[in-house]
Amino acid sequence: MGGEHEVVDGGARYAPETLAAKPDVDAEDFHALDLRVGRVVSAEPFPEARKPSLRLCVDFGPVIGELETSAQITRYDPSALVGRLVVGAVNLGVRRIAGLESRFLVIGGLHPDGAVSLLAPDEDLAPGSAVA
């Protein structure tokens, strides 16, 4: 949801050997995040965004429902994402990105060059399942 994945300094900004640890937070801060498993309903290029992005719609189950976001995950074929499970932070508020109300942050691991690999459970879980 923000430009955190910019490639700088020769593409090694996110290399594990160069990343300093962040300050400690308490469990209460961590548990304030609502991390859920969701199933991608649709994925398409989002050319209106400033940075190359996909527009995702993800079903987070009966309580939260379907939410949309813009995600800088352009190494993925949008059609291959449909039906895939992803993890999202669903209580970070709404951000407007190129006219889209982005309602969650899809979670991924960063390659040294800033590319994102989506995180997902290794078993089939129901949409809306909590992440612990």
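Buried residues account for 34% of the 132 residues in this protein. Here "buried" means under 20% relative accessible area, "exposed" means over 50%, and "partly exposed" covers what lies in between, with a 1.4 Å probe and protein chains only. Keep in mind that you're looking at a predicted model, where local features need pLDDT of at least 70, side-chain atom pairs count only at pLDDT 80 or more, and totals for chains, interfaces and linings use all residues. Residues are numbered from 1 along each chain as its sequence is written, and side-chain values use heavy atoms, with hydrogens and water left out.

## The whole protein

Let's start with the big picture. The protein has 3 helices and 9 strands, and along the sequence they come in the order α-β-β-α-β-α-β-β-β-β-β-β. Its radius of gyration is 15 Å, close to the 14 Å that the globule rule gives for 132 residues, so the protein is as compact as a globular protein of that length. For the terms: helices (H or I, at least four residues) and strands (E, at least two) are DSSP runs numbered from the N terminus, while the radius of gyration is taken over C-alpha atoms and the globule rule is 2.2 Å times the number of residues to the power 0.38.

The C-alpha atoms fill a box of roughly 45 × 40 × 30 Å, taken along the principal axes. As for the outside, the accessible surface is about 8,000 Å², and 53% of that belongs to carbon and sulfur atoms. These areas come from the Shrake-Rupley method with a 1.4 Å probe, and for residues only the protein chains shown count as cover.

How many positive and negative side chains are there? The protein has 12 positive and 20 negative ones, and the centres of the two sets lie 6 Å apart. Lys and Arg count as positive and Asp and Glu as negative, leaving out His and the chain ends; each charge is placed at NZ of Lys, CZ of Arg, CG of Asp or CD of Glu.

Now for contacts, meaning heavy atoms within 4.5 Å. Among contacts between residues at least 6 apart in sequence, 59% join residues at least 24 apart.

## Two serines that meet

Ser53 lies in the loop between β1 and β2 (54-59), and Ser70 lies in strand β3 (residues 66-71). Buried or exposed? Ser53 is buried, with a relative accessible area of 8%, and Ser70 counts as buried at 8% too.

Leaving aside neighbours within four places in sequence, Ser53 is in contact with Pro45, Phe46, Ser70, Ala71, Gln72 and Thr74. With that exclusion again, the partners of Ser70 include Phe46, Ser53, Leu54 and Ile97. A polar atom of the Ser53 side chain also lies 2.8 Å from the backbone oxygen of Lys51.

## A buried arginine

Arg36 lies in strand β1 (residues 35-45) and counts as buried, at 18% relative accessibility. What does its side chain pair up with? A polar contact of 2.6 Å joins the side chains of Arg36 and Asp34. Such a contact is a pair of N or O atoms within 3.5 Å; within protein, one must be able to donate a hydrogen and the other to accept it, and residues adjacent in sequence count only if both atoms are side-chain atoms. Not counting residues up to four places away in sequence, Arg36 also touches several others, among them Phe60, Ile64, Val86 and Val131.

## Some partly exposed residues

Ala98 sits in the loop between β5 (95-97) and β6 (100-102), and is partly exposed at 41% relative accessibility. Ala98 has a positive phi of about 50° although it is not a glycine. Most residues other than glycine have a negative phi.

Asp26 belongs to the segment before α1 (27-31) and is partly exposed at 45% relative accessibility. A polar atom of its side chain lies 2.9 Å from the backbone nitrogen of Asp29.

Leu119, in the segment after β9 (116-118), is partly exposed with a relative accessible area of 41%. Leu105 is in strand β7 (residues 105-106) and is partly exposed at 27%.

## Sequence versus space

Here are some pairs, with distances taken C-alpha to C-alpha.

| Pair | Apart in sequence | Apart in space |
|---|---|---|
| Ser70 and Ile97 | 27 residues | 7.2 Å |
| Leu105 and Gly93 | 12 residues | 9.6 Å |
| Leu119 and Ser102 | 17 residues | 19 Å |
| Asp26 and Gly99 | 73 residues | 35 Å |
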